[in-house]
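This briefing covers the fold, the core, the charged pairs and one surface patch of a single chain. Please look over the sequence and the model before reading on.

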Amino acid sequence: WKKGDVAAARDCYVSGNDVSENSESLRNLSMLVRQLGLGKTTDDSVDLAKRAASKDLADPEAWYALGNSLVARYFSSSNDQDDDKDEDQDEKKKKKKTLSKKEATALLQRRRRRTPRQKRGVAGAW
């Protein structure tokens, strides 16, 4: 992991967990899964960190990893919701921009009916 080969480190932790599951390897695997961004990254990371904390309740680093994975899940889910909101707003803007021919001519006629004083607005009247 320290050499930068994250995929190989993941394989080592997974095979180590197959032999004997412990808090440290689960905790490190949780961090690796988040770093690699595989699949349902944050959910998998939270599950691994929960297992690490449950293996050794006195391990503060396991609790720290659990807290980090929960924070990562919170921010990744809020980003997904923000993306959905942005898409909805874009669709609404597109719908507002498209006017029928009848609506466009009615709008143009209303604008032509204004007097010069109305065009200046309230500030121009003083």
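A residue is called buried when its relative accessible area is under 20%, exposed when it is over 50%, and partly exposed in between. By that rule, 21% of the 126 residues in the chain are buried. The model is predicted. It has six helices and zero strands.

**Overall fold**

- Along the sequence the pattern reads α-α-α-α-α-α, in line with the count of six helices and zero strands.
- Among contacts with a separation of 6 or more, 47% are between residues 24 or more positions apart.
- The chain has an accessible surface of about 9,900 Å², and carbon and sulfur atoms account for 52% of that surface.

**Nonpolar core**

- The largest nonpolar core has ten residues: L26, L29, V33, V46, L48, A49, A52, A53, A62 and L66.
- Helices α2, α3 and α4 are the elements that each supply two or more residues to this core.
- The biggest contribution comes from α3, which provides five residues.
- A62, one of the core residues, touches S23, R27, A49, A52 and A53 once neighbours within four places in sequence are set aside.

**R27 and its partners**

- R27 sits in helix α2.
- Its relative accessible area is 8%, and because the limit for a buried residue is 20%, R27 counts as buried.
- R27 and D59 form a salt bridge through their side chains, with an N to O distance of 2.8 Å.
- D59 belongs to the loop between α3 and α4 (60–97) while R27 is in α2, so this salt bridge ties together parts of the chain that are 32 residues apart in sequence.
- D59 is also buried, at 13% relative accessibility.
- The side chain of R27 makes a polar contact of 3.2 Å with the side chain of E61.
- Leaving out residues up to four places away in sequence, R27 touches A52, D59, E61, A62 and A65. A52 and A62 in this list are members of the largest nonpolar core.

**Other salt bridges**

- The structure has six salt bridges in total, including the R27 and D59 pair described above.
- K55 and E21 form a salt bridge in which the closest N and O atoms are 3.5 Å apart.
- This pair links distant parts of the chain: K55 is in helix α3 (residues 41–55), E21 is in the loop between α1 (6–19) and α2 (23–36), and they are 34 residues apart.
- K55 has a relative accessible area of 47% and is partly exposed. E21 is partly exposed too, at 32%.
- E21, R51 and K55 are joined into one network by salt bridges that share partners.
- The side chains of R10 and D11 form a salt bridge with an N to O distance of 3.9 Å.
- R10 is partly exposed at 29% relative accessible area, and D11 is partly exposed at 49%. The value for D11 does not reach the exposed class, because that class needs over 50%.

**S25 in helix α2**

- S25 is located in helix α2.
- With a relative accessible area of 9%, S25 is buried.
- The side chains of S25 and N22 are joined by a polar contact of 2.6 Å.
- Not counting residues up to four places away in sequence, S25 touches Y13 and N17.

**Surface patch**

- V71, Y74 and F75 form a nonpolar patch on the surface.
- Together these three residues have about 340 Å² of accessible area.
- Y74 is in helix α4.
- Y74 counts as exposed because its relative accessibility is 55%, where exposed means over 50%.

Key:
Residues are numbered from 1 along each chain as its sequence is written. This is a predicted model: local features need pLDDT of at least 70, side-chain atom pairs count only at pLDDT 80 or more; totals for chains, interfaces and linings use all residues. Side-chain values use heavy atoms; hydrogens and water are left out. A salt bridge is a side-chain nitrogen of Lys or Arg within 4 Å of a carboxyl oxygen of Asp or Glu. Buried means under 20% relative accessible area, exposed over 50%, partly exposed in between (1.4 Å probe, protein chains only). Helices (H or I, at least four residues) and strands (E, at least two) are DSSP runs, numbered from the N terminus. Patches are made of residues with over 30% relative accessible area and no salt bridge: like charges are joined within 9 Å, nonpolar side chains (Val, Leu, Ile, Met, Phe, Trp, Tyr) within 5 Å. Accessible areas come from the Shrake-Rupley method with a 1.4 Å probe; for residues, only the protein chains shown count as cover. A polar contact is a pair of N or O atoms within 3.5 Å; within protein, one must be able to donate a hydrogen and the other to accept it, and residues adjacent in sequence count only if both atoms are side-chain atoms. Contact means heavy atoms within 4.5 Å. A nonpolar core is a set of buried Ala, Val, Leu, Ile, Met, Phe, Trp, Tyr and Cys residues joined through side-chain atoms within 4.5 Å.
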